[in-house]
Amino acid sequence: MKAVTHPAPASTRERLLDAAAGLIAGDGWTAVTMGKLAARVGVSRQTVYNELGSKAELAEALVLRETERFAERVTEVVAAHPGRPVDGVTAAFRQTLEAARANPLILIALGCPKGGSEDFLPLLTTRPEGVLERSVDTVAALFARCYPEVGLTRSEWTVAVEAFVRLLLSHLVQPSGSVAHASGQMRWVIGRMLGV
């Protein structure tokens, strides 16, 4: 008989990050306090500080976690479109746009002004490299590795991905239609930019 495996329970840190994400989604960043997080997770305030540090460090941890998840999703999308760069890049754009419209933390991670109150993003500006830049670099490296047939250098992919992300942000800030409509427009742009 095959043994049933159960997923490992989430760490206290992950449960606290999940609780913070829930508070932000419901009430915004200003509603997040260490006391509320402690109460939601059933731990002491000292445990919250031990796991997360300051509120600024909490903001950084949340955005970095969302950025990592974003990169994982894009990697999965690209893997589903081997040898088809226009399909893969368009699918990555569409998936990211769909996810961002549904998740305020992704809006924050991408730097969209509607993602949260103005006091959230300035907490991240002390980092030597911005979240947007890290995301662009990560995705550019992925596209360069997975789609060598396009013939773009890593630095050229970086320029292209930054353009794609800025277009995506414009669709988040000022949507002009459905995700399908935006993705259709982007498919044409992507094809032109990639010379396909």
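Here are a few friendly notes on this predicted model, covering its cavities, its helix α1 and one buried threonine.

1. Let's begin with the empty space inside. The structure contains two cavities of 30 Å³ or more, and the largest has a volume of about 170 Å³. Lining that largest cavity are 16 residues, of which Phe70, Val139, Val161, Phe164 and Val165 lie closest to its centre.

2. Which helices supply the lining of the largest cavity? At least two residues each come from α4 (55–79), α5 (85–102), α7 (131–146) and α8 (154–173). The most come from α7, which gives five residues.

3. The make-up of this lining is worth a look as you turn the model. By class, the largest cavity is lined by 14 nonpolar and two polar residues, with no charged ones.

4. Now to helix α1, residues 12–27. Its 16 residues should span 22 Å at 1.5 Å a residue, and the end C-alpha atoms are indeed 22 Å apart, so the two values agree. Just after α1 comes Gly28, with a positive phi near 90 degrees.

5. Which residues of α1 are buried? They are Leu16, Leu17, Ala19, Ala20, Ala21, Leu23 and Ile24. As a reminder when viewing them, residues three or four places apart in an α-helix point the same way, because there are 3.6 residues a turn.

6. Finally, a look at Thr67, which sits in helix α4. Is Thr67 buried or exposed? Its relative accessible area is 11%, under the 20% cut-off, so Thr67 counts as buried. Along the chain Thr67 and Thr138 are 71 residues apart, while their C-alpha atoms are separated by 9.9 Å.

Technical notes. Residues are numbered from 1 along each chain as its sequence is written. This is a predicted model: local features need pLDDT of at least 70, side-chain atom pairs count only at pLDDT 80 or more; totals for chains, interfaces and linings use all residues. Side-chain values use heavy atoms; hydrogens and water are left out. On a 1 Å grid over the protein atoms alone, a cavity is a set of points where a 1.4 Å probe fits but cannot get out, and a pocket is an open set with protein on both sides within 12 Å along at least five of seven lines; lining residues have an atom within 4 Å of a point. Grid points are joined across faces, edges and corners, and a volume is the space filled by probe spheres set on the points. Helices (H or I, at least four residues) and strands (E, at least two) are DSSP runs, numbered from the N terminus. Ala, Val, Leu, Ile, Met, Phe, Trp, Tyr, Cys and Pro count as nonpolar, Asp, Glu, Lys and Arg as charged, and the others, Gly among them, as polar. The expected span of a helix is 1.5 Å times one less than its number of residues. Buried means under 20% relative accessible area, exposed over 50%, partly exposed in between (1.4 Å probe, protein chains only).
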